[in-house]
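Reader: Got a minute to walk me through this one? I'd like to go over it piece by piece.

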Amino acid sequence: MGEYFDPQISIAIDLLRYSNKIVAFTGAGISTASGIDDFRSPGGLWTQFNPLKYANYSVFLKTPKYYWQLEKALIPKFENAKPNKAHKALVSLEKKGKLKAIITQNIDNFHQDAGSKVPIVELHGNMNHAYCMDCYTPIKRNYILKWLKRKSGIPICPKCGGRIKTNIVLFNEPIAEDLLEEATKYAEDCEIMLVLGSSLTVFPANQIPLLARKAGAKLIFINKDPTFMDKYATLRMLGNLETYLPMIINSI
Ligand SMILES: [Zn+2]
């Protein structure tokens with residue numbers, strides 16, 4: 001393994017080689033190589049659209065137009081974006097029979113697009129899904145895209161004229177209990193949790209790796225920048241996920 005610059009890589013390979021109960025916990029950093037910026041980074045989306053106004057659940061309930069302005073601005077970012085090598089590396093890990101689940105803070109559907117078939121717990125929802133807040137009819141993504149591109153005003157339900165909500169968790173909106181329970185179940189039942197591209201600043205999602213650790217799992221962090229939870233990591237690597245992750249998983 002002398003060819004690797006970071007000796008942690010060879011330790012990670014050894015750990016992953018001897019476990020068949022691995023869970024991945026992914027955050028915004030796994031999608032930056034797909035052209036989706038981390039909204040929190042300097043110059044990121046949140047500096048243009050203050051999330052407390054544009055992505056705030058209580059504001060949305062009163063004045064939904066701000067949220068829809070944000071979603072309209074997101075269209076070009078997401079429209080041609082595809083999963084990258086890091087998402088695909090998790091598919092390889094699954095094919096080796098080692099990955100049991102993915103818990104993600106992302107809403108971009110890239111794990112599914114990459115071909116992941118293990119259970120995917122989407123703590124913050126999935127932007128491809130939407131529903132009518134009045135009659136609960138599921139609304140197709142295409143209907144919303146067409147509306148935002150061609151019509152003015154906020155999209156309304158084709159069935160009852162009610163208000164539509166994209167199935168993503170906004171600020172001040174609680175995460176559904178069943179999702180947290182499912183994530184907790186996978187966290188407490190894994191031997192290794194790979195924490196990939198998450199700054200671990202968002203509560204309660206950031207508690208999931210800690211639950212895994214308390215239940216005896218090893219935590220392997222791969223992030224671009226240090227996080228305030230690095231002290232809990234068994235191994236921590238700083239670098240690009242789309243380079244590190246395929247390198248590690250292809251060597252198992
Ligand atoms: Zn409706």
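Reader: What area is buried between domain 1 and domain 2?

Author: About 1,000 Å². Carbon and sulfur atoms give 59% of that area. Keep in mind that this is a predicted model.

Reader: Which three residues supply the most of what domain 1 buries against domain 2?

Author: Ile36, Ile107 and Asn109, which together supply 52% of the area on the domain 1 side.

Reader: And how many residues does the contact take from each domain?

Author: 12 residues come from domain 1 and 11 residues from domain 2.

Reader: Remind me where the domains run in sequence?

Author: Domain 1 is made of 1–36 + 83–124 + 175–252, and domain 2 of 37–80 + 126–168. Their centres, taken over C-alpha atoms, are separated by 28 Å.

Reader: OK, switching to the metal. Which residues are the protein donors of the zinc ion?

Author: Four cysteines, through their SG atoms: Cys132, Cys135, Cys157 and Cys160. They lie 2.3 to 2.4 Å from the zinc ion.

Reader: Why is the arrangement called tetrahedral?

Author: Because the angles that the four donor atoms subtend around the zinc ion run from 103 to 114°, and the tetrahedral label requires all angles to lie between 85 and 135 degrees.

Reader: How are the donors spaced in sequence?

Author: The pattern is C-x2-C-x21-C-x2-C. Cys135 sits in the loop between β4 (125–132) and β5 (138–140), while Cys157 sits in the loop between α8 (141–150) and β6 (164–168), so this pair ties together parts 22 residues apart in sequence.

Reader: Is Cys157 buried or exposed?

Author: Cys157 is buried, since its relative accessible area is 3% and the cut-off for buried is under 20%. Cys135, at 32%, is partly exposed.

Reader: Next up, packing. Which residues have the most contacts inside the largest nonpolar core?

Author: Phe39, Leu45, Tyr67, Trp68, Leu70 and Ile144, in a core of 28 residues. At least two residues each come from α2 (45–48), α5 (65–79), β4, α8 and β6, and α5 gives the most, with six.

Reader: So where does this core lie relative to the domains?

Author: It lies between them, because domain 1 and domain 2 both give residues to it.

Reader: What is Phe39 in contact with, leaving aside neighbours within four places in sequence?

Author: Gly44, Leu45, Trp46, Leu74 and Phe78.

Reader: And how many residues are in the other core?

Author: That one has 27 residues, including Ile9, Ile13, Leu93 and Leu194, and lies apart from the largest core.

Note on methods:
Residues numbered from 1 in each chain as written. Predicted model: local features only at pLDDT ≥ 70, side-chain atom pairs only at ≥ 80, totals over all residues. Heavy atoms only, no water. Donors = N, O, S within 2.8 Å, 3.2 Å for Na, K, Ca; no water. Tetrahedral: all angles 85-135°; square planar, octahedral: opposite > 155°, others 65-115°. Helix = DSSP H or I, 4+ residues; strand = E, 2+ residues; numbered from the N terminus. Buried < 20%, exposed > 50% of the residue type's maximum accessible area, 1.4 Å probe, protein only. Core = buried A, V, L, I, M, F, W, Y, C linked by side-chain atoms within 4.5 Å. Domains from an automatic or database assignment. Contact = heavy atoms within 4.5 Å. Buried area = accessible area lost by both parts, 1.4 Å probe.
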